[in-house]
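Student: Please take me through one part of this structure in close detail. I would like the charged side-chain pairs, and then the sheet that one of them touches.

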Amino acid sequence: MIPSTSPPDEMRLRRAGRKDAPRAGVSLPPRATGRVARTVVAGRAMRRITMLQIAAVAGLVASPLAAGAADPVIVYAAASLKEAFEAAAPAFTKASGGTMVRFDFGGSDALAAQLLQGAPADVFVAANAAQMQRVSALTNEPKTLAHNSLVVVVRSSARNVASLADLAKGGVKIVLAAPTVPVGAYARTALVTLAKDPAFGANYVAGVNANVVSEETDVKAVATKVALGEADAGIVYATDVTPQIASKVRVLRFPPATAPQATYPIAVLKAAPNASGAKAFVDFITSPAGLAFLKARGFEE
């Protein structure tokens, strides 16, 4: 019969803190006990080496961030610039040697309010001069980036709007941007101008206003509501008739000189967290290479 480790021996091993002590009822030759201990120690060493290797690899992967990789350029931009700016972003990153750009799109009035409240940003692009003027104490001298035209979008299935005059007809549902939003201000200016034409009449503006069922925070919301059939018509920029909604709306254009041309000023913030990146973005987007992305989506110089 093969002798087994006696209970006293097992207890002495456990009291001595030997984790390689055999379980009760398991017999190991004396030499085997030493081999088990060496194997356990070796296993632990290998695990330590493996963890160090993983940590080293992780360190290599994270090293650019740890070394302070360039912060992204934060651009506050009018909502109508979304498609053009997002298309231009990869080209800017490549041209700048890897600088990323992060956009915050919205109504220019809301973005200006955020900046006045201390929101961190590098670049501001408004859809009119009035909103840029609001934050003039916070920005360097602005440049004119581009221009845009106003149009009326009509739900494709709407049979009650065939012309601009029909916007004042009873029962027509119209959605506009709020008066403080640049496109909302432009729209109301255009309506006042149309009302000076006898073909529209002095009561034209009042009639249109009576049909307004919603005032939105930015131009994208106006276009979306018309495309979804929540309104019969709305006033937006020509560039907001994107491929996503083009099949769902009809476009009515304003007569020449009746609708103001939208102007987009761009400026670097004086307290820009990434001042060099901000300047690089402005230089790029106002260059022929950058402007090409805006022209491709209908913006005008």
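**Salt bridges around one helix, and the sheet beside them**

Tutor: K279 and D283 sit four residues apart in helix α9, about one turn of the helix. This is a predicted model. The side chains of K279 and D283 meet in a salt bridge, 2.8 Å from N to O. Side chains of opposite charge can pair when their charged atoms come close. K279 is exposed, because its relative accessible area is 52% and the exposed class begins over 50%. D283 has 33% relative accessibility, so D283 counts as partly exposed.

D283 has another salt bridge, this one with K143, at 3.9 Å from N to O. That value falls within the 4 Å cut-off. This pair links distant parts of the chain. D283 belongs to helix α9 (residues 275-285), K143 to strand β4 (residues 143-148), and 140 residues separate them. K143 is partly exposed as well, because its relative accessibility is 40%.

Now follow K143 into its strand. β4 belongs to an open sheet of five strands with mixed pairing. The strand order is β2-β1-β3-β10-β4. β4 and β2 (101-106) stand at the edges. Each has a single partner strand, so one side of each is left without a neighbour in the sheet. Neighbouring strands of this sheet are turned by 20° against each other on average, with direction ignored.

What joins β4 to strand β10? Five bridges do, and the two strands run antiparallel. Strand β10 covers residues 262-268. One bridge partner to look up is T263 in β10, which pairs with H147.

Back to the charges. A search of the whole structure finds nine salt bridges. One of them joins K82 and E86, with the closest N and O atoms 3.2 Å apart. Both residues lie in helix α3 (residues 82-95). They are four residues apart, about one turn of the helix. K82 counts as partly exposed, because its relative accessibility is 33%. E86 is also partly exposed, with a relative accessible area of 40%.

To recap the route: K279 meets D283 within helix α9. D283 also meets K143, and K143 lies in strand β4. β4 is an edge strand, joined to β10 by five bridges.

Methods: Residues are numbered from 1 along each chain as its sequence is written. This is a predicted model: local features need pLDDT of at least 70, side-chain atom pairs count only at pLDDT 80 or more; totals for chains, interfaces and linings use all residues. Side-chain values use heavy atoms; hydrogens and water are left out. Buried means under 20% relative accessible area, exposed over 50%, partly exposed in between (1.4 Å probe, protein chains only). Two strands pair if DSSP finds at least two bridges between them. Axes are lines fitted to C-alpha atoms, for helices over the stretch in contact, and angles run from 0 to 180 degrees between N-to-C directions.
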